[in-house]
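User: I would like a close look at a single part of this model, the surroundings of the bound ligand, and then a walk through the folds beside it. Could you take me through that in one go?

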Amino acid sequence: MNEIKNLKLLAAKIRLDVLEMLMHRGYGHLGGSMSIVELFAVLYGKHLNVDPKNPNKEDRDMVVLSKGHAGPAWYSALAEMGYFPKEVLLTLNDGGTILPSHPDRNLTPGVDATTGSLGQGTSIAAGIATGQKFKGKNAYTYLIVGDGELNEGQCWEAFMYISQKKLNNCIVIIDDNKRQLDGYTKDIINHYDLKTKMESFGFKTVRVDGSDVKAIDSAITELKAVKDQAVCIVLDTIKGQGIKYFEDMFSNHSVKFNNESINQAADEAVEKLKAYIAKEEA
Amino acid sequence: MFKLVENRNEKGEQLSIVFCQTVSELMNDDEKLVFIDSDLASPSGSSLIEKAHPDRFINVGIAEANMVGVASGLSIEGFKPFIHSFAPFASRRVFDQIYLSGAYAKTTINVYGSDPGFAVGPNGGTHTSFEDVALYRTIPNAIIVDPADVTQLKCAVRQAASEEGIKYIRINRKAVRNVYEPGSKFVFGKGTVVKEGSDVLVITSGQILSDALDAAEELETKGVSVEVLDMYTIKPLDVDLILSEVEGKKAVVTFENHSIIGGLGSAVAEVLAENNVNVLFKRHGVTDRFGQVGTADFLQVEYNLTSKDLVKTIESLL
Ligand SMILES: Cc1ncc(C[n+]2csc(CCOP(=O)(O)OP(=O)(O)O)c2C)c(N)n1
Ligand SMILES: [Mg+2]
């Protein structure tokens, strides 16, 4: 019970960091960052075998954020874990920063794959997972891919490979937030039922509520135990998750904090998150 | 035939809107024109085309290679597609599809590559293209247009829509400074001497034409006479104009928002070398480096692409 409370608290902190860094910058990829906040809380709060003091630890689990534009969510999780001081979050996108809009393995401690050109991270994750197996490591690779990103054919090349090679250590997580940049995925390129689709590609697939840390935790625990089959989580999320105003905003892919109504909603969300965090920590 | 604006510090309309507005107007009269975007209709401005011509607008989703193939197929059916993605995805990412399904198969595809070079701003290194021109230059018969401002962009879109083959038009999506008065005319394959001068020949293209003109003005006050040549299409290159304008100059400098490997600088170097032109020569551009994150202004300074940087290069040559 305590564990779940702590994961929820971590999620609130990550959400607050994301919001504050984007507000400070004045713009940013809000929608797709918010939808994976709970996922990052569960990964970093419980499952990942990593050491923030030794980011290059040999047998660590790896994370590949193929939907690289959601970097702000990852950076916030990394800061909460102590990979770098939280003040650094405010340097997002500054010239010379270690936190570029899209993740860069040569710049940020804790980031192992350079992504941002959609589709490419899927194959990189497949390669890392293959390497882990070659070396006989008992380590996992968590691949986070967007539902819009699945438009890229490369994702399906990677999935066929992961399935063929039975890379059970590569945990594929699809952020099914139902929207891409220009609107709803069903209106642009409909991916239909992702669970059925992934199952037909040979994956053991579970579908979970991506705002429910307990459900995410159970799914990961269940899939980590799978042997001899590729595994996938379809994360049922909302683009802009956790802040009603942004969930309801149609174009929330990249938000500009340039009008009163947006700024007011953001301020209110900050206050609410701060109050929640204070209450839980008391 | 061209006329320069009086106020070179004024910016024109947002180029993304100009591009799509022009295509949309052409679509009113030409039912063969089609526009395809790849989940970037709101950033590219093409949502206005979607609104005006929903029957001939396609959003293929985040699938650039598929977009080029679909465009090729539409061309085989007699349509004339425009396609859009960010410059690196409209060049690097789809190079083989453009090369084979496009150029080799002799289909017609008009490519709108947005935010090349430092114009990428905060989208950062993964979204940066310093090599898009180099790639397209290797494709037989491809046309590469690097418009300097609103007026030139309108000409580029109109001519692209009226001709067959592969055309690559690279533009900043945002507003850039005006150079030419509306009504000025430009054609593929022809450069323009924007400013006369006797000591140094600067050859440039795209939005940094404005910066080159600033540099020329500054050098003028220091007693150096600089001629500025706007190479509107990097391919086909206006070889005759280069050879005639280089006559009598002490130095030639190319100035490009692109890698010095394979772009305008390389193209001019090839012309000078093969025509035995013996003149001081320098390629000023991005020096074999990757992109990075930052504002466009930061990046322009970081990659030495300001007028001050050009002044320094020219002074160091003389
Ligand atoms: C190859 C490539 N094409 C286009 C883009 C521009 N782009 C960035 S995010 C995005 C939409 C992503 O949608 P989705 O994968 O569903 O992400 P989310 O909803 O989680 O933000 C697009 C088109 C890109 N980064 N890479
Ligand atoms: Mg999505």
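Analyst: An oxygen atom of ligand 1 sits 2.8 Å from a polar backbone atom of Glu149(A), which is a polar contact, meaning a pair of N or O atoms within 3.5 Å; within protein, one must be able to donate a hydrogen and the other to accept it, and residues adjacent in sequence count only if both atoms are side-chain atoms. Taken alone, ligand 1 exposes 590 Å², and the protein buries 99% of that (accessible areas by the Shrake-Rupley method with a 1.4 Å probe; for residues, only the protein chains shown count as cover). Before going on, please note that this is a predicted model, where local features need pLDDT of at least 70 and side-chain atom pairs count only at pLDDT 80 or more, while totals for chains, interfaces and linings use all residues. Residues are numbered from 1 along each chain as its sequence is written, chains are lettered from A and ligands numbered from 1 in the order in which they are written, and side-chain values use heavy atoms, with hydrogens and water left out.

Two further polar contacts belong here. A polar side-chain atom of Lys67(A) is 2.7 Å from an oxygen atom of ligand 1, and a polar backbone atom of Leu118(A) is 3.1 Å from a nitrogen atom of ligand 1. Ligand 1 lies between chains A and B. There are 25 residues around ligand 1, and Lys67(A), His69(A), Asp147(A), Lys239(A) and Glu64(B) come nearest (near means that a heavy atom of the residue lies within 4 Å). By type, the shell holds five nonpolar, ten polar and ten charged residues; Ala, Val, Leu, Ile, Met, Phe, Trp, Tyr, Cys and Pro count as nonpolar, Asp, Glu, Lys and Arg as charged, and the others, Gly among them, as polar.

Now to the folds of chain B. An open sheet of seven strands follows the order β2-β1-β3-β4-β6-β5-β10 (chain B), with mixed pairing. Helices (H or I, at least four residues) and strands (E, at least two) are DSSP runs, numbered from the N terminus, and two strands pair if DSSP finds at least two bridges between them. Because β2 (57-59) and β10 (233-235) of chain B stand at the edges with a single partner strand each, one side of each lacks a neighbour in the sheet. The twist averages 20 degrees from one strand to the next (axes are lines fitted to C-alpha atoms, for helices over the stretch in contact, and angles run from 0 to 180 degrees between N-to-C directions). Strand β1 (residues 33-37) of chain B runs parallel to β2(B), joined by three bridges, and Asp37(B) stands opposite Asn59(B) in β2(B). Helix α1 (residues 15-29) of chain B packs on the sheet, touching β1, β3 (80-86), β4 (109-114) and β6 (166-171) of chain B, where contact means heavy atoms within 4.5 Å. The direction of α1(B) makes about 145 degrees with that of β1(B). Helix α7 (residues 150-162) of chain B also packs on the sheet, at about 160 degrees to β6(B).

A further open sheet in chain B has five strands in the order β7-β9-β8-β11-β12 (chain B), with mixed pairing. Its edge strands are β7 (192-195) and β12 (280-286) of chain B. Five bridges join the parallel strands β8 (residues 200-204) and β11 (residues 251-259) of chain B, with Val200(B) opposite Ala251(B).
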